[in-house]
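Please walk me through this structure, one selection at a time. I have it open in a viewer and would like to know what to pick next and what is there.

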Amino acid sequence: MAFLVFFLSNLVLTLFAAIITTFISPAAAGSGIPEVKAYLNGVDAPGIISLRTLIVKIIGSISAVSSSLLVGKAGPMMHIGACIASLLGQGGSRRYGLTWKWIRFFKNDRDRRDLVTCGSAAGIAAAFRAPVGGVLFALEEMASWWTSGLLWRAFFTTAVVAIILRALIDVCLSGKCGLFGKGGLIMFDVYSANISYHMADVPPVLLLGVVGGILGSLYNFLLDKVLRVYAIINKKSVTYKIFIACTISIFTSCLLFGLPWLASCQPCPLDSTEDCPTIGRSGNYKKFQCPPGHYNDLASLIFNTNDDAIRNLFSKNTDAEFQHSTMLIFFVTCFILSIISYGVVAPAGLFVPVIVTGASYGRFVGMLFSSHTNLNHGLFAVLGAASFLGGSMRMTVSLCVIILELTNNLLLLPMIMIVLLVSKTVADAFNGNIYDLIMKAKGFPYLEVHVEPYMRQLTVADVVTGPLQVCHGNEKVGNIVHILKTTNHQGFPVIDEPPHSESPVLYGLILRAHLITLLKKRVFLRTPVRIGSDAFRHFSADEFAKKGLGNVDKIEDIKLTEEEMEMFLDLHPFTNASPYTVVETMSLAKASTLFREVGLRHLLVIPKRTT
């Protein structure tokens, strides 16, 4: 009966999460970190940070995490923060009648990207109650463009998150909010006592880092392959997506319920500070099928929330609580389930599964070296989680600070730094970080921080392609419509030619959205003349502001008569007359660095003329 309840509840929750994700917002599947990272790099993919995605992400994440799938909530919370920031930046949602004129300040691309960056930092800060870690995560992993102004805005955002979380937890400490104030959020606080370690403890820690790097790169490799297989299957039909999700749920339920039978019952410790066996929902000592006065250590890890499982593994003074076989079984189970669970069509994070897997591997190593080191098993679990995070996600500073804020002990800093640096260095020799691999698998183009060595041997003229689509300062309406319909470019150079100038000269850059706005207003001229500032009498600044998601105008929606197609538009007043330009002989490596560091969307290449 217990298995039936466990099995059916997991299946229903997984099925619900898969259905709403598949039919309402497919963009809500996965953690959301690769998608938001690509957005901040310049890829404005449809539906990534829409209101529909936000709602599905919240409901689907709750269902997926509750369904016993080994998925986390840190990634979805980061995505939720980014969605909320984007909706605020565009003044709400016009489609659903939720608009606010007082936040139109963010109606431009750069400010909206900055706001989404702050939202992603807030999501990580809320997931781990780590405000500084959230800021550093946004800086190290998410943002492609960073300024000192953005730094303090992100810091202010995460500070507000920390204060609100603290206030809500204080309200819930009475026990009226379930586990919210008593462990539902990840806050381990397991090392308030002083920790002493010596040079003899360094070799096991270095080994932990090396093995963590190898395991992390293997994890990335296998996850990349599994995601590509899922992508092939998911393309066939919607039924296959839901079928895979249900199959994974059934497999997970059978595995999790069956494995504790392999573990032997342990007598309750006499000096335990909590009830043994556990009474209630959370605790270190689950009875499962054991006789009175005994507990099942594997069930104590499996039949708990991921947060409580991590807390059990991190806890100090629990060296005798788990068996070697239990740790090994739990590590292999988490390693496999986290890989196959991430690809289901439901909101699913990677952070917490990687922490659980790394903590179990670290504690197992600690058990093997228990006679050769003074470090307890809980500390090895913390270092194991750090090594596995470093090996799979390849971050250093942000992960270090997040782990310190989780464990609440600054004395761990030197060892965590060593483990992260070693594991990242080892893993970098094999493949890239997990989010970059997922972005590549999903087909998102991404401009890397470091240029490839071959770029130094090329100039920008070597990589430009033609034919170039340009607009003249006074352009015929029919030509503009033809250019917009035959290309997908978002910006076009504007040039002046005789008789409007002595020789062909670049006047500036005009955006596709602005051209469509001009066509909609139909401020056409019968002759190609410049009208200057008089053009602004027909427009308001709001009409040229960046449109919200789903409100983008399309050229196909504009119907023009034959007479209008023969008329002209003066583009000079609406053109950016100071775009970034480089000469054709500029190094491709320098141009790439300029493009990314300045946060550009367009870069014009002009010929180098000789007099």
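Is C334 buried, partly exposed or exposed? Select C334 to begin: its relative accessibility is 3%, so it counts as buried. Keep in mind throughout that this is a predicted model. Now add C471, which is buried too, with a relative accessible area of 0%.

**Whole chain**

Clear the selection and show the whole chain. There are 22 helices and eleven strands. Of the 611 residues in the chain, 52% are buried. Colouring by accessible surface, you are looking at about 27900 Å² exposed by the chain, with 64% of that supplied by carbon and sulfur atoms. If you draw contacts with a separation of 6 or more, 76% of them join residues 24 or more positions apart.

**N-terminal span**

Select residues 1-29. An unreviewed UniProt entry annotates this span as "signal peptide". In the model the span is 76% helix and 0% strand, and its end C-alpha atoms lie 32 Å apart.

**Annotated transmembrane regions**

The unreviewed UniProt entry also carries the annotation "transmembrane region", for residues 53-71, 115-138, 150-168, 180-199, 205-222, 242-263, 328-357 and 410-430. Two of these spans are worth selecting for their secondary structure. Residues 242-263 are 77% helix and 0% strand, with 33 Å between the end C-alpha atoms. For residues 410-430, helix makes up 76% and strand 0%, and the end C-alpha atoms are 31 Å apart.

**Helix α14**

Go to residues 351-368, which form helix α14. Put a distance label on the two end C-alpha atoms: the separation is 26 Å, and this agrees with the 26 Å expected for 18 residues at 1.5 Å a residue. Next, colour α14 by burial. As 17 of its 18 residues are buried, the helix is largely enclosed by the rest of the structure.

**The disulfide**

Select C265 and C290. A search of the whole structure finds one disulfide, and these two cysteines form it, with their sulfur atoms 2.1 Å apart. The torsion about the S-S bond of C265 and C290 is about -90 degrees, so the disulfide is left-handed. The pair links distant parts of the chain, 25 residues apart: C265 is in strand β3 (residues 265-267), while C290 sits in the loop between β3 and β4 (294-296). The two ends can be told apart by accessibility. C265 is partly exposed at 31% relative accessibility, whereas C290 is buried at 3%.

**Salt bridge between α2 and α18**

Turn to the charged side chains. Side chains of opposite charge can pair when their charged atoms come close. The search of the whole structure finds ten salt bridges.

Select D436 and K37. Their side chains meet in a salt bridge, 2.9 Å from N to O. D436 is in helix α18 (residues 434-442) and K37 in helix α2 (residues 33-40), so the pair ties together parts that are 399 residues apart in sequence. K37 is buried, with a relative accessible area of 3%. Add E141 to the selection to see the network of salt bridges that links K37, E141 and D436.

**Salt bridges at D428**

Which residues form salt bridges with D428? Select R394, D428 and K424. R394 is one partner, the closest N and O atoms being 3.2 Å apart. This pair links distant parts of the chain, 34 residues apart: R394 lies in the loop between α15 (377-393) and α16 (397-407), and D428 in helix α17 (residues 413-428).

K424 is another partner of D428, with 3.0 Å between the closest N and O atoms. K424 and D428 are four residues apart in helix α17, so about one helical turn separates them.

Finish by checking accessibility for the three residues. R394 counts as buried, at 7% relative accessibility. D428 is partly exposed at 40%, and K424 is partly exposed with a relative accessible area of 25%.

Terms used:
Residues are numbered from 1 along each chain as its sequence is written. This is a predicted model: local features need pLDDT of at least 70, side-chain atom pairs count only at pLDDT 80 or more; totals for chains, interfaces and linings use all residues. Side-chain values use heavy atoms; hydrogens and water are left out. Buried means under 20% relative accessible area, exposed over 50%, partly exposed in between (1.4 Å probe, protein chains only). Contact means heavy atoms within 4.5 Å. Accessible areas come from the Shrake-Rupley method with a 1.4 Å probe; for residues, only the protein chains shown count as cover. UniProt positions are given in the numbering used here, feature names are shortened, and annotations may be inferred rather than shown by experiment. The expected span of a helix is 1.5 Å times one less than its number of residues. A salt bridge is a side-chain nitrogen of Lys or Arg within 4 Å of a carboxyl oxygen of Asp or Glu. A disulfide is a pair of cysteine sulfur atoms within 2.5 Å.
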